[in-house]
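Open the structure in your viewer and keep the selection panel at hand. The stops below each give something to select, followed by what is found there.

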Amino acid sequence: MFTGLSAFPLTPVYDNKVDEKTFISLIENLVEAGVDSIGALGSTGSYAYLTLSERARVARLAVEHANSIPVMVSIGALRVTDILSLAENAQHAGVSAVMLAPVSYQRPTPDEVYSLYEEVSRHLSVPLCVYDNPATTGFEFSDELLINIASLPSVSSLKLARLPQELSLATQQVNALRSRLPDHVSLGISGDWQAATGLCAECDVWFSVIGGLFPRTALAITHAAKNNDTKTVQMLSAALEPVWRLFKTYGSLRVTAAAAELLGKVTAPCLPFPLKSLSGQPRDQLGAILEDLKNLI
């Protein structure tokens, strides 16, 4: 489950409803490409903006159309009762894993975050991925907290949000963290602009936003890293640098939604209100970038 490319597709929302037909088409594109796993209902999948019943339905659709590719869904929510309900629904849908970020209106303390994972882990029959996403949650995990949580039942993967840009330093950090983790707990990288570094530093899995829309490109990077072809990894990631810059400026969700709209993959607008994909000059810029990259993506 937690190796290779884990592709995170959009959950298109049109006319205030999940566009199920388009969501299924995005899943089928990932299946055709042969991704290693599918991360439905991640941040790219707008999980925080959907109702519990919508999330349960999307989880079922993802599993039904994944053609045996493992599916992981987010169960993050403000109330632990909702988290446990989402976990139960996801497990009934047949997911292979769940993912949990410490979502909170009040910024939680490390002790509160540990207690959350301790409680949730007791109710799971599938593996749990710890979702470190400080850009949206406002909470930053320390290495010590990650290590403590990794010892809990069901915890099987850590999604890292930060690594040094220098490969040697990133490798040192990954190795140092791995040496203190249980053997069964994998390390994954997110933040697509640092994926090349993370993969070359021997992270086990890339939790990829761009992989949800352009899985073949993301797979090429992932396979090159697995083959220790650092030159190809860096070359492909460098070619995508204009996209990474837009991600950093406007957020990966808005950029990915705009790219999907421009390419006719979804019906515009595809984000839950009041979120909007790129417009004006940034959208024109993205369109030009996609045209330049059409032979790559």
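## A tour by selection

Begin with helix H9, residues 215-226, which gives five residues, the largest share, to the lining of the second largest pocket. Helices here are DSSP runs of H or I with at least four residues, strands are runs of E with at least two, and both are numbered from the N terminus. A pocket is found on a 1 Å grid over the protein atoms alone, as an open set of points with protein on both sides within 12 Å along at least five of seven lines; a cavity is a set where a 1.4 Å probe fits but cannot get out, and lining residues have an atom within 4 Å of a point. This is a predicted model, in which local features need pLDDT of at least 70 and side-chain atom pairs count only at pLDDT 80 or more, while totals for chains, interfaces and linings use all residues. Residues are numbered from 1 along each chain as its sequence is written, and side-chain values use heavy atoms, with hydrogens and water left out.

**The second largest pocket.** Add Cys 203, Asp 204, Thr 222, Ala 225 and Lys 226 to the selection: of the 16 lining residues, these lie nearest the centre. Helix H8 (195-200) also supplies at least two lining residues. The pocket holds about 320 Å³ of space, a volume being the space filled by probe spheres set on grid points that are joined across faces, edges and corners. Its lining divides into five nonpolar, six polar and five charged residues. Ala, Val, Leu, Ile, Met, Phe, Trp, Tyr, Cys and Pro count as nonpolar, Asp, Glu, Lys and Arg as charged, and the others, Gly among them, as polar.

**The largest pocket.** Next, select Ser 43, Asn 133, Ala 135, Thr 136 and Ser 252. What do they surround? The largest pocket has about 940 Å³ of space, and of its 37 lining residues these five are the closest to the centre. Helix H5 (134-137), strand S10 (205-208), helix H11 (241-250) and helix H12 (252-262) each give two or more residues to the lining. H5 has the largest share, with four. By class, the lining has 18 nonpolar, 14 polar and five charged residues.

**Helix H2 and a cavity beside it.** Select residues 52-65. At 1.5 Å a residue, taken times one less than the number of residues, the 14 residues of H2 should span 20 Å, and the end C-alpha atoms are indeed 20 Å apart. Colour Arg 55, Ala 56, Val 58, Ala 59, Leu 61 and Ala 62, the buried residues of H2. Buried means under 20% relative accessible area, exposed over 50%, and partly exposed in between, with a 1.4 Å probe and protein chains only. Their cover includes helix H1 (20-33), strand S5 (71-74) and helix H3 (80-93).

Arg 55, Ala 56 and Ala 59 also help to line the second largest cavity, together with residues including Leu 41, Val 73 and Leu 86. H2, S5 and H3 each give two or more residues to that lining. The cavity has about 60 Å³ of space.

**Leu 41 and Ser 154.** Most residues other than glycine have a negative phi, and most peptide bonds are trans. Leu 41, in the loop between S4 and H2, has a positive phi near 60 degrees. Its relative accessibility is 1%, so Leu 41 counts as buried. Ser 154, in the loop between helix H6 (143-150) and strand S8 (155-160), has a positive phi of about 80 degrees. Ser 154 is partly exposed, at 23% relative accessible area.

**Two cis bonds.** Go to the loop between H12 and H13, where Pro 269 lies. A cis peptide bond joins Ala 268 to Pro 269, with omega about -5 degrees. Pro 274 is in the loop between H12 and H13 too, and a cis bond with omega of about 5 degrees links Phe 273 to Pro 274.

**The largest cavity.** Finish with Ile 210, Phe 247, Val 255 and Leu 290, which are among the residues lining the largest cavity. About 70 Å³ of space lies inside, and H12 gives the most to the lining, three residues. The lining has nine nonpolar residues, one polar and no charged.

Note on methods
Contact means heavy atoms within 4.5 Å.
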